[in-house]
Amino acid sequence: MTVYKAPLRDIRFILKELVHAEQLVDLPGYEEATPDQIDFVLEELAGVCQELLFPLNQSGDEEGCHYEDGVVTTPAGFKEAYAKYVEAGWPAMACDPEYDGMGLPKTVRLLAEEMLSSANLAFSVYPLLTTGAYTAIFKHGTDELKRAYLPRMVEGSWSGTMCLTEAHCGTDLGLVRTRAIPQDDGSYRVTGSKIFISSGEHDFTENIIHLVLARLPDAPSGTRGISLFLVPKFLVNEDGSLGERNGVVCGGIEKKMGVSGSSTCVLNFDDAVGHLVGEPNRGMSHMFTMMNAARLGVGMQGLGLAEVAYQNARAYAKERLQGRALREPRYPEREADPLIVHPDVRRMLLTMRANTEGARALAGWVGLNLDLAEHHPDPAVREEAGDLVDLLTPVVKSYFTDHGFLATNLAVQIHGGHGYIRETGVEQFVRDARIAQIWEGANGVQGLDLVGRKLGMHNGRLLRRFFHPVAAYLEAHQNDPLLGEFVAPLAKAFGRLQQATARIAQQGLRDPDEAAAVSSDYLRLFALVALGYMWVQMAEISLERLGIGSSGESRVNGGQATADAAAASVGDPKDVPFYQGKIACARFYFQKLLPETSSLFAVIMAGAAPVMALGDEGF
Amino acid sequence: MEIVVCVKQVVDTEAEKKLLAPDWRLDRQSVENVLNPYDEYAVEEAVRLKEAHGGEVTVLCMGPEDAQSAVRKALAMGADRALMVTDPALAGSDTQGTALALSGALAGLTYDLVILGIMSTDAQTGQLPSALGDILDLPVLTALNMMKFEDGSLTVHRQTDQGYVAYGCGLPAVCSVVKGINEPRYPSLKGIMGAKKKPLETKDLAELGVDTARVGGAGALTKVLSTTAPPPRKAGQKIEDDGTAAQRIVEFLAGEKII
Ligand SMILES: Cc1cc2nc3c(=O)[nH]c(=O)nc-3n(C[C@H](O)[C@H](O)[C@H](O)COP(=O)(O)OP(=O)(O)OC[C@H]3O[C@@H](n4cnc5c(N)ncnc54)[C@H](O)[C@@H]3O)c2cc1C
Ligand SMILES: Cc1cc2nc3c(=O)[nH]c(=O)nc-3n(C[C@H](O)[C@H](O)[C@H](O)COP(=O)(O)OP(=O)(O)OC[C@H]3O[C@@H](n4cnc5c(N)ncnc54)[C@H](O)[C@@H]3O)c2cc1C
């Protein structure tokens, strides 16, 4: 039996104390997004996740989806759960009020995506794809298309898909072969075969809206010749009612490593009626406007799985009696000590937790900037925030999902042999986490995106959006005696990141392989610094809350506040262990995790030669 | 039909409960507090009756200011307005004091029906419905797993060990409902966003005209003398199947009077 409780306390800390999400209320369109209101929304969604979706996670994995004659049936309970999810109006969360959305901030949606992924990743894929399709239509569709399709998608009674992949092309979408032929009435006829289409067919909704990448007859080759089409499963009549079945059928579903409750479909388009979304031959760029949001969402999948894995590992480590603490038994009254006393088990738990909480903090910061980028009245602020989001998106996607896989593996390790047994439930987390490293652009491609596109964009402007605040923070706190233990290692790691960046920029210009060969290592180095920047701030806030502020000598007792003083300072006694935990985690992060930047730095400086020396035939 | 639902904020059922000496009050400070899970059924039933017959649902809650979060959840589920009874003098009230305060609040409201949960998950006395009916001098129907309103009167099923007993009753009346009566909805996102805009009034005892001497720890007729944690659960009995497992399981269940 697995457990899950949404990390609402940590989310509240991030929103209220770290990123000051109360500023959202001042943005036009977000007048109702008060901190209180956001809390309430996330609390209720937590209930849905814990009580409705999580209980279906393991059974959904065991059963998987069923396929027969073009029809897909989801695992027992999924359809009913989706109906409740829709009835409560959750699909509308961050959609535009003009199409009946609730218009909540993207920050909220991002954190919601973490909770949904923790509770039931397979289930969460269905609404996530609808959101992706919604976004593409919302940003690039004509008013007519928007009016005809968006309200039903926002409501959740129609779902969406993203149809990019074909058998011979995944990463390299320039190879897309699906064709679209213009018709006299302005519509198109789409023909081709797509594979691996999530939610391509299912029993949740009465209609499914496919967004399909295809080629016009006279299109140039490569990615510049790809257009985006909307192809509904059932045609939609003038009055909004459903008409004939369109020419798209599901040819089968995949058996796969994880997320087995999510249908992964072969979709065959045969002269299917479609509508152009956006401009001809601009499909790739249109797709990318929603891809950023989707990639952040996938990052949250990694984070969500890391969180639920941690919670289960923690519970097990406290309960499973095995061996004795080395110095002396810590629980002599019991037959043996619980696993939690063992240093190596603690190492694993803290590795999970420090990364998870650091990642969540970074998500909060990115989320806030996503909202600033879309809603702030000042174009300069919008640009700055948008730059930061663009820069950090590949970092979030890749690092969070790598962490998701590592953390779920550690959870299995902590469970020992029981973790490897299906019934325990934690091995599912590993299998589910694995896909997040692949879809929405495999993680290797994220590294290339960071190094090849984002670093050089606008003469390094994006990069400065991150480097400047970090440099400013380090400078402002360089002589702070209390924060020294965090600031000093961060400054060192940041220096490595700057040097590595300079090397990649110089060498990469000369030989692109030099940049590409170290791109994944560079992304990881970047992520470790970014999380460090979050952790130093979290440590600062926590010290202050506990009355151990830099100028708070009165309460300081050799750097340790007394329990009473801490309680008095925090106000709410249940918060004392929370802030103490944060400080302990911050120390673990800076002393045990951040040093990886040193080896990454060495790896990056070694450049491409060791990777490229061996000829292809030598493998 | 005008309905009042009484709701209590309780300590999260999953939290470890602590009772604090000297008077063994529940420690509500160091844990999360939530809407009493049994009261969700009461709210759901009230909202369904309203949806079927019109009128409004008022949430009534006695508790400290932060109990507002429980009230807000009830509003998000579809109740229309709320009245909080908040007064420092109420701390340490027993069921009698609670019933006095709630009946004082009800005196200022119009209602055809008062619906409560079967009990709170923290103190679990289950006495309030009866205490309230007694003070208000109204019919009391407890442990209901079905409520139907037709032609001006109420038909209900009262759950028993064997099945149910059907009752009919005129209005107004006080009812308490059990878990099986319905499936509480998840508050809708619209409901959640709208809950804060619904009227929420707070009154103290003076405004309600309730005698402070009869409530709170001082006015309580009962006193908790001491508390003892239950003995730890015995280890379960493992039955290995050597061909007689089914027989032995049946014997075990019969021995425990479960079957
Ligand atoms: C369960 C599941 C659900 C999916 N859902 C959808 C969906 O809903 N819609 C959809 O369109 N697709 C979907 N996909 C497809 C998924 O997005 C692709 O699998 C992914 O983009 C990778 O493409 P590929 O499998 O063709 O791998 P390839 O492109 O063949 O890549 C193989 C490996 O090579 C690396 N690689 C490729 N090109 C380069 C390069 N230029 N430089 C460096 N490394 C490179 C990649 O990083 C990867 O590790 C799904 C896949 C799965 C398994
Ligand atoms: C360990 C412990 C033991 C106790 N034992 C006793 C005892 O034996 N006798 C006694 O008189 N008191 C006792 N009390 C005090 C009791 O907790 C309070 O009187 C409490 O306010 C109401 O009792 P209840 O929670 O048991 O409610 P219940 O009668 O179990 O609740 C039934 C329903 O009444 C409604 N309701 C309950 N409280 C409120 C409220 N504050 N506002 C609005 N609606 C409400 C809800 O709909 C609820 O579902 C005890 C308290 C503790 C902590």
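# Exercises on a predicted two-chain model

**Exercise 1. Ligand 1**

Which residues come nearest to ligand 1, and between which domains does ligand 1 lie?

*Solution.* Start with the shell. It holds 18 residues, and A:Leu164, A:Gly170, A:Thr171, A:Ser198 and A:Ala442 come nearest. Next, look at the elements behind them. Strand E3 (158–163), strand E5 (188–198) and helix H12 (443–454) of chain A give two or more residues each. Then sort the shell around ligand 1 by class: 11 residues are nonpolar, 6 polar and 1 charged. Last, place the ligand. Domain 2 (159–280) and domain 3 (286–441) of chain A both contribute to the shell, so ligand 1 lies between them. Keep in mind that this is a predicted model.

**Exercise 2. Ligand 2**

Find how many residues surround ligand 2, and state which element gives the largest share of its shell.

*Solution.* Count the shell: 33 residues surround ligand 2. The closest are B:Asp94, B:Gly117, B:Ser120, B:Ala123 and B:Thr125. Now list the elements of chain B that supply at least two residues each: strand E4 (25–26), helix H1 (37–53), strand E6 (57–62), helix H3 (95–107) and strand E8 (113–117). H3(B) gives the largest share, 4 residues. By class, the shell around ligand 2 has 16 nonpolar, 13 polar and 4 charged residues.

**Exercise 3. Two domains of chain A**

Describe how domain 1 of chain A meets domain 2 of chain A.

*Solution.* First, set the bounds. Chain A is divided into domain 1 (8–66 + 73–140), domain 2 (159–280), domain 3 (286–441) and domain 4 (475–613). The centres of domain 1 and domain 2 of chain A, taken over C-alpha atoms, are 25 Å apart. Now count contacts: 23 residues of domain 1 touch 21 residues of domain 2 in chain A. On the domain 1 side, helix H3 (57–63), helix H4 (78–87) and helix H5 (106–140) of chain A give two or more residues each. H5(A) gives the most, with 13 residues. This side of domain 1 divides into 14 nonpolar, 7 polar and 2 charged residues.

**Exercise 4. The helix H5(A)**

Where is the kink in H5(A) centred, and how far apart are the end C-alpha atoms of H5(A)?

*Solution.* Take the span first. H5(A) has 35 residues, and a straight helix would reach 51 Å at 1.5 Å a residue. The end C-alpha atoms are only 19 Å apart. Then find the bend: a kink of about 130° is centred on A:Asn120. Finally, check the cover. In H5(A), 34 of the 35 residues are buried.

**Exercise 5. Where the chains touch**

Which helix gives the most to the side of chain A that touches chain B?

*Solution.* Begin with the contacts: 16 residues of chain A meet 13 residues of chain B. Helix H2 (residues 35–53) of chain A gives the most to the chain A side, with 6 residues. By class, that side has 9 nonpolar, 3 polar and 4 charged residues.

**Exercise 6. Backbone details**

Is A:Asn459 buried or exposed? Which two residues does the cis peptide bond of chain B join?

*Solution.* A:Asn459 sits in the loop between H12 and helix H13 (461–476) of chain A. Its phi is near 55°, a positive value in a residue other than glycine. Count its neighbours: 8 other C-beta atoms lie within 10 Å. A residue is exposed at 12 or fewer, so A:Asn459 is exposed. Turn to the cis bond. It joins B:Leu171 and B:Pro172, with omega about 0°. B:Pro172 lies in the loop between strand E11 (164–169) and strand E12 (173–177) of chain B.

Methods. Residues are numbered from 1 along each chain as its sequence is written. Chains are lettered from A and ligands numbered from 1 in the order in which they are written. This is a predicted model: local features need pLDDT of at least 70, side-chain atom pairs count only at pLDDT 80 or more; totals for chains, interfaces and linings use all residues. A residue is near a molecule or strand if its C-beta atom, placed from the backbone, lies within 6 Å of it. Ala, Val, Leu, Ile, Met, Phe, Trp, Tyr, Cys and Pro count as nonpolar, Asp, Glu, Lys and Arg as charged, and the others, Gly among them, as polar. Domain bounds come from an automatic or database domain assignment. Two residues are in contact if their C-beta atoms, placed from the backbone, lie within 7 Å. The expected span of a helix is 1.5 Å times one less than its number of residues. The bend at a residue is the angle between axes fitted to the seven residues ending there and the seven starting there. A residue is buried if 20 or more other C-beta atoms lie within 10 Å of its own, exposed if 12 or fewer, and partly exposed in between; C-beta atoms are placed from the backbone.
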